[in-house]
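Work through the following exercises with the sequence and the model side by side. Each task is followed by a solution that goes step by step.

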Amino acid sequence: MRLTDDHRSFAATVRSVVDTQINPYVDQWESEGIFPAHDLFPQLGKYGLLGIEYDPEDGGEGADHSYTMVACEELGRIAAGGVSMAINVQANMATPSLAKYGSKELRQKYLKPAIAGEMVAAIGVTEPDTGSDVSALRTRATRDGDDWVITGRKLYITNGVQADWVCLLVRTSDEGGYRGMSQIVVPTSSEGFSVARKLDKLGNRSSDTAELVLDEVRVPVANTIGTIGRGFQQQMEQFVIERMSAAYSIVGQIDVALEKTREYLKQRTTFGKPLASHQYIAFRLTELAARNDLLRHHNQAVCEALMAGEDITRMASIAKWEAGRLVREVADMCLQFHGGIGYMEETWTARMFRDARLASIGGGADEVMLQVIARIDGYPLG
Ligand SMILES: Cc1cc2nc3c(=O)[nH]c(=O)nc-3n(C[C@H](O)[C@H](O)[C@H](O)COP(=O)(O)OP(=O)(O)OC[C@H]3O[C@@H](n4cnc5c(N)ncnc54)[C@H](O)[C@@H]3O)c2cc1C
C-alpha cells in the first residue's frame, strides 16, 4: 500500500499531539493508576482522532480506514500502553457497532459526544466466568414493555471507572450459545449500575480497568444497537476492528522501542566498543525491525482488503496473533540489551515489558486467534 502526502501529514499531526499533549504527562498518570479521560478525550476530539471513519453527520471525519491505521500506528508511540489502549477503546472498540448499526437517535445521543470526547465509552463483553468463549456469557436483559432490565457482571472493562456509557453484549433470549445476544448502550448513570472495583494490574497501569455490576438496570429497548438477537455477529465484526487497531498500534510501539534502544546502544560501551557494534546485538535488533516491517506490510494488506469490502477475519487474526508475539519479544530484547538499567523502573523498558504482556491476552488471546485461523483452514476443532 502506498501512503500519500496526506497520510504523512496526518501522521505528523497525530505524532505532535502525542509528543505535546500526552507523553509529557504519562509518568504522572501511570503513578496515579488512571489518566484523565474527560480532559484528554476532548482534546483528541478537536483533532478528529476519535471518529476518523465515522459519518460527518455524527461528528466524524468521514475518512477511509487507512487513516485509522496511520493514527493507531502513531498512538502506539505513546509512552504508556494504557493510554493508547484507552484511546483505541474509545475510537475503535466500543463505537464501531454503534456507528454502523445504531439508530440515528442513538448515534446523536451517544456516538456524537464520544467522537467529540465529551463522553467516555467502554466495551463490555468479558465476564467473571467467561472471556475467550463469548458464547458462554450470562449477563441477561429481560424485556419489560419498552425497557430492558439487565442483570449480570462484566470484568476487566477498560475505561470502566470513567465511562459514561458501555456498549454491553448481553443475552436477550434463552436460545443459548451464539444465538439470542444483543448489543445495548447502557449509561453508567443508570440506577443499579455500579463499579464493583478498579483492578490492580501488572501493566497498562494508567488505564482504569473495572469490574462492573448490573443489578436490574433499566434501559430503553431503543438503546439496542442494530437488530435484537444479532449482537454476537455485530460484536464479531467489532472485534475485527479492535484486533486491527491493536496490531496497527503495536507497529508504532515497536518502532519507537527499537529506535530508542539503538540510540542507547550506540552510547553504551562494553569490551571497548559500543554495544550497537556487537554483531549479535545489531543482527538481533535488525531481525526484530525486519519482522516489524513484515507486520506493517501485512497490516497494510489487511487495511486494503477491508476497504475493498473483503472478509478479513483470517488476516486480522494473523495480524493480532503475530503482533502479540512480536511486541513481547521486542520488549524482552530491549530490556535485555539495556542490562541492569533496563530492569529499573526509571527506564522505559520496565514499563514496556509489563505493558506488552497484555497483547497476547486482551481482545482475543493468541490461542483464540489460532483457533479462528485453524477453523478457517479446515481443521476439525469442533
Ligand atoms: C488489561 C485488560 C483489559 C481488558 N479490557 C477489556 C474490555 O475493555 N472489555 C472486555 O470485554 N474485555 C476486556 N478484557 C478481557 C480480555 O479480552 C480477556 O481477558 C481475554 O479475552 C481472555 O479471556 P479470559 O481472561 O476470560 O481468559 P480465559 O477465557 O479463561 O482463557 C485463559 C487462557 O486460556 C487460553 N485459551 C483460551 N481459549 C483457548 C483455546 N480454545 N485453546 C487453547 N487455549 C485457550 C488462552 O491462553 C487464555 O489466555 C481485558 C483484559 C485485560 C487483562
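For the exercises below, Ala, Val, Leu, Ile, Met, Phe, Trp, Tyr, Cys and Pro count as nonpolar, Asp, Glu, Lys and Arg as charged, and the others, Gly among them, as polar. The model is a predicted one.

**Exercise 1. Describe the shell of residues around the ligand.**

Step 1: Sorted by these classes, the residues of the shell around the ligand divide into eight nonpolar, 10 polar and two charged.

Step 2: Of the 20 residues around the ligand, those that come nearest are T126, S132, Y156, E367 and Q371.

Step 3: Turning to the elements, β1 (121-124), β3 (147-158) and α12 each supply at least two residues of this shell.

Step 4: Look next at the nitrogen atoms of the ligand: one is 2.7 Å from an N or O atom in the side chain of T126, a backbone N or O atom of Y156 lies 2.7 Å from a nitrogen atom of the ligand, and a polar side-chain atom of Q371 lies 2.6 Å from a nitrogen atom of the ligand. On its own the ligand has 960 Å² of accessible area, of which the protein covers 65%.

**Exercise 2. Compare the backbone and the exposure of Y156 and N204.**

Step 1: Most residues other than glycine have a negative phi.

Step 2: Y156, which has its place in strand β3, has a positive phi near 60°. N204, in the loop between β6 (193-198) and β7 (209-220), also is not a glycine and has a positive phi, of about 45°.

Step 3: Buried means under 20% relative accessible area, and exposed means over 50%. Y156 is exposed because its relative accessible area is 52%, while N204 counts as buried because its relative accessibility is 5%.

**Exercise 3. Find the buried side of helix α12 and what covers it.**

Step 1: In helix α12, which spans residues 366-376, the residues D366, V368, M369, I373 and A374 are buried.

Step 2: The cover over the buried residues of α12 includes α8 (231-267) and α10 (313-338).

Step 3: After α12 comes G378, whose phi is positive, near 100°.

**Exercise 4. Locate the nonpolar cores and follow one residue within them.**

Step 1: The largest nonpolar core has 34 residues, and M244 and V330 are those with the most contacts inside it. The elements giving two or more residues to this core are α4 (65-75), α8, α9 (279-307), α10 and α11 (348-356).

Step 2: With its neighbours within four places in sequence left aside, V330 is in contact with I254, A257, L258, L288 and M352.

Step 3: A second, separate core of 27 residues includes V17, A37, Y67 and A91.

**Exercise 5. Is Q238 buried or exposed, and which residues does Q238 contact?**

Step 1: Q238 is found in helix α8, and Q238 is buried because its relative accessible area is 1%.

Step 2: The side chains of Q238 and Q235 are joined by a polar contact of 2.9 Å.

Step 3: Apart from neighbours within four places in sequence, the residues in contact with Q238 include N92, M93, A94, I123, C167 and Q183.

**Exercise 6. Describe the surroundings of R143.**

Step 1: R143 is found in strand β2, residues 140-144, and its side chain reaches the backbone oxygen of G145 at 3.1 Å.

Step 2: Leaving aside neighbours within four places in sequence, R143 is in contact with W148, V221 and I228.

Step 3: R143 and R268 are 125 residues apart in sequence, and from C-alpha to C-alpha they are 66 Å apart in space.

Definitions and conventions. Residues are numbered from 1 along each chain as its sequence is written. This is a predicted model: local features need pLDDT of at least 70, side-chain atom pairs count only at pLDDT 80 or more; totals for chains, interfaces and linings use all residues. Side-chain values use heavy atoms; hydrogens and water are left out. Buried means under 20% relative accessible area, exposed over 50%, partly exposed in between (1.4 Å probe, protein chains only). Helices (H or I, at least four residues) and strands (E, at least two) are DSSP runs, numbered from the N terminus. Contact means heavy atoms within 4.5 Å. A nonpolar core is a set of buried Ala, Val, Leu, Ile, Met, Phe, Trp, Tyr and Cys residues joined through side-chain atoms within 4.5 Å. A polar contact is a pair of N or O atoms within 3.5 Å; within protein, one must be able to donate a hydrogen and the other to accept it, and residues adjacent in sequence count only if both atoms are side-chain atoms. A residue is near a molecule or strand if one of its heavy atoms lies within 4 Å of it. Accessible areas come from the Shrake-Rupley method with a 1.4 Å probe; for residues, only the protein chains shown count as cover.
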